[in-house]
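Here's a quick walk through one structure, with an eye on its charged pairs and its sheets. Have a look at it first, then read on.

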Amino acid sequence: MTEALVAVLRAELPGVTHQPGDDVYTAATTPDNSSFPQHPAAVVTARSTDDVARAVTVASKSGSRVIVQATGHGAAAPIGPEAVLLDTSALDSVDVSAGVARVGTGAMWPAVQAAAAPHGLLGLSGTSPTVGVGGYTFAGGVGWFVRKHGLASASLRSVEYVDGTGRIRRAVEDAPESVDREALWAFRGGAPVGIATSIELDLVDVPELWTGYLLWPVDALPAVAAAWAAATATVSDSVTSSLSLLHLPPDGPFPDDLLGTTVVHLSYASPDGGEHLGPMHDAVCAAAPPVVDTTAAGDIVSLAQIHLDPPAAVPARGTGRWLGAAGADLATSMFDAARIGQPGGLNMIELRHTDSRTVGPMGAMTTVPAPFLLHAVGIGADDGSRHRTDEVLRAVENAGRAADVGRSAPSFREGQPDSADALPPVDRDRLRAIRDALDPDRVLAFARHPVP
């Protein structure tokens, strides 16, 4: 069946269908999260919505599945020859006008921000510059302006997409067909119910961007964590911050005495000027003098750098949990459980302050579920390392159990094949009904978003 499927794809989609041994195939099957091998029957590098529709139609008729991938941040399971990998990274057009970005779902955030910034606007981007706009938004999207402007999913206006039969559709609030209105609800923080090819997003005003990160030796953790926790209770909602513990590489743009060590890392941003960062900055610096402090007027480059994400693909395994107000007080306990820098320990753990009063439009998740977000990640290169990392992740989750609101954050569950308890049962049932209508034969597969 594989040879016949590839032959039909090559006939229907010449020039964009690639097989093993092809450089394009190799690049497409080397995702950002390299935890699992990818060996699909073929890779289709779609360059238009029509390419996507034809690929889905061929796969559907052959009884094969289509797995969608752009950057591969969400890669969470092996891909074998029973599937076609649809690479949407070439769908990267960006157009900004009248406060709205019209974006191909393969585009990454730096391109959107570069187009928006000259207008005094920015999108609700995440902490990593290599994340695709589409997948990030559909998973909710927790970015540097989440406290003031909410989740990126709330900015989603419309989605052009292909359903499981190969039909091109448009999800928008006033769509003629009710299933397309329901699809928009699903795309807004729930799960993809079709292969999105382009989206429209509302942009936000950024009058005066300030960014920064601070670093301390690990022994400053108790004092800094306590000061940060106290500051989160009173800081302006213009400030979004993340307190983390991470192990620095042996080389890089850091002071020599911090290289190769575990450090306390605070990153934060404000779209409204440095005076909003001042109270938090003063509180943590009074608790312990930082070794590094980059707090200053920022731009889209510094905004993409302050989180210190690794520049290269890694085999990651992670967890993401929404925590209540008590989460800040549990930071030290959770960070201790992560064993950063110790044998068998995790690579990074962070607690993001996400408390937001913004109420989003109708959608599966368009309003921030809780005031804090726990994220922890370790190595998941093989079964043995995944098992060891999962044990530590469970210890971290247990340390934060008293503040856990009972919901996971799927996009922070690196290398995990499911979305766990991201949504309540009633919303999962609604997603299933939408998927039944749009993809009854389950031709389409999406990382971390399996809908039964």
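## A buried arginine and its network

Let's start with Arg-169, which is buried at a relative accessible area of 8%. Keep in mind that this is a predicted model. What does Arg-169 form with Glu-177? The two make a salt bridge, and their closest N and O atoms sit 2.9 Å apart. Glu-177 is partly exposed, with a relative accessible area of 32%, whereas Arg-169 counts as buried because its 8% falls under the 20% cut-off.

That pair isn't on its own, either: Arg-169 and Glu-177 belong to a network of salt bridges that also takes in Asp-163, Arg-167 and Asp-180. Searching the whole structure turns up 21 salt bridges.

## Two long-range salt bridges

Which parts of the chain does the Arg-321 and Asp-421 pair tie together? Their side chains meet in a salt bridge at 2.8 Å, N to O. Arg-321 is in strand S17 (residues 316–323), while Asp-421 is in the loop between strand S20 (404–408) and helix H13 (425–438), so the bridge joins parts that are 100 residues apart in sequence. Arg-321 is buried, at 9% relative accessibility, and Asp-421 is partly exposed, at 28%.

Arg-102 and Glu-200 make another salt bridge through their side chains, at 2.9 Å from N to O. This one also links distant parts of the chain: Arg-102 comes from strand S6 (residues 100–104) and Glu-200 from strand S10 (residues 195–202), 98 residues apart. Here the arginine is the partly exposed partner, with Arg-102 at 34% relative accessibility, and Glu-200 is buried, with a relative accessible area of 16%.

## The antiparallel sheet

S6 and S10 turn up again in an open sheet of five strands, ordered S5-S6-S10-S8-S9 with antiparallel pairing. At its edges are strand S5 (94–97) and strand S9 (168–172), each pairing on one side only. From one strand to the next, the twist averages 15°.

How many bridges hold the S6 and S10 pairing? There are five, in the antiparallel sense. To see the register, look at Ala-101: its bridge partner in S10 is Leu-201. Helix H4 (residues 109–116) packs on this sheet, touching S5, S6 and S10, and its direction makes about 30° with that of S5.

## The mixed sheet

Another open sheet of five strands runs in the order S1-S2-S4-S3-S21, this time with mixed pairing. Strand S1 (17–18) and strand S21 (444–445) are its edge strands, each of which pairs on one side only. Strand S3 (residues 65–69) pairs with S21 in the parallel sense over two bridges, and Val-66 stands opposite Leu-444 in S21.

Helix H1 (residues 2–12) packs on this sheet, where it touches S1, strand S2 (42–45) and strand S4 (83–87); its direction makes about 20° with that of S2. Helix H3 (residues 49–62) lies across S2, S3, S4 and S21, and runs at about 150° to S3.

## An exposed loop residue

Last stop: is Val-359 buried or exposed? Its relative accessible area is 67%, and because anything over 50% counts as exposed, Val-359 is exposed. Val-359 lies in the loop between strand S18 (348–353) and strand S19 (372–379). If you want a distance to check, the C-alpha atoms of Val-359 and Ser-238 are separated by 16 Å, with the two residues 121 apart along the chain.

Key:
Residues are numbered from 1 along each chain as its sequence is written. This is a predicted model: local features need pLDDT of at least 70, side-chain atom pairs count only at pLDDT 80 or more; totals for chains, interfaces and linings use all residues. Side-chain values use heavy atoms; hydrogens and water are left out. A salt bridge is a side-chain nitrogen of Lys or Arg within 4 Å of a carboxyl oxygen of Asp or Glu. Helices (H or I, at least four residues) and strands (E, at least two) are DSSP runs, numbered from the N terminus. Buried means under 20% relative accessible area, exposed over 50%, partly exposed in between (1.4 Å probe, protein chains only). Two strands pair if DSSP finds at least two bridges between them. Contact means heavy atoms within 4.5 Å. Axes are lines fitted to C-alpha atoms, for helices over the stretch in contact, and angles run from 0 to 180 degrees between N-to-C directions.
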